[in-house]
Amino acid sequence: MSKSASRARLADIIRKRSFGRGEITLASGRKSDFYFNLKPTMLDPEGAALLAELSLDALKDDKVDYIGGLEMGAVPIAGAIAQLSWLKGHPIAAFFVRKKPKEHGARLAVEGLAKGESLAGKRIVIVEDVTTTGGSAIKAVDAVKDAGGEVVLVFTMVDRDEGATEAFTEAGIPFRALYKAGEFLKG
């Protein structure tokens, strides 16, 4: 399937499985009359494959060592991208950042790294399912920076176009989106 056909097919899946209308309160606290819940798309076999394919293609020139982000939205995407990157011969390892470190066990904020592995000195892409103001991604950025990693990009599946671009520009962090919310609001 061509890149444009894959993109159109994924947009159809998102529209069908993950986009809705109706008043909702977003993670940012803002009210909206539309929403995206990308979990049904991220956990659908075809949806996951297309998200990984299009994301990996979008990141091909970024020389990425690790991909991850804040639980829960980043976990399925990062895992799918890591698997596909391995199959394509250019492995990118995945991780995730806990919203709050567990109070037992290793008490880690960053999960997915084996003993002795570190994000220090590595090129990292923070990935998100849906971005509104960028607050969730900034939490992941901070955790990665605390671990010594270099955040080279925040990459989201859907940008709601409600302030994230400006927030990341102000923070000096490159930001890109696979889709803009406006693409789903037509019709």
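This passage describes strand β3 and the two largest pockets of a predicted model. Local features were taken only at pLDDT of at least 70 and side-chain atom pairs at pLDDT 80 or more, whereas totals for chains, interfaces and linings use all residues. Residues are numbered from 1 along each chain as its sequence is written, and side-chain values use heavy atoms, with hydrogens and water left out.

Strand β3 (residues 66-70) is mostly covered, five of its five residues being buried (under 20% relative accessible area, with a 1.4 Å probe and protein chains only); strands are DSSP runs of E of at least two residues and helices runs of H or I of at least four, numbered from the N terminus. β3 pairs in the parallel sense with strand β4 (residues 93-97) over five bridges, pairing requiring at least two DSSP bridges between the strands, and I67 has A94 of β4 as its bridge partner. Strand β6 (residues 123-131) also runs parallel to β3, joined to β3 by three bridges, with I126 of β6 opposite G68.

The largest pocket (an open set of points on a 1 Å grid over the protein atoms alone, where a 1.4 Å probe fits, with protein on both sides within 12 Å along at least five of seven lines; lining residues have an atom within 4 Å of a point) holds about 560 Å³ of space, the volume being that filled by probe spheres set on points joined across faces, edges and corners. Its lining comprises 28 residues, with A27, E128, D129, V130 and S136 nearest the centre, and β6 contributes the largest share, five residues. The second largest pocket holds about 250 Å³, and the largest share of its lining, three residues, comes from helix α3 (residues 45-58).

Note on methods:
Buried means under 20% relative accessible area, exposed over 50%, partly exposed in between (1.4 Å probe, protein chains only).
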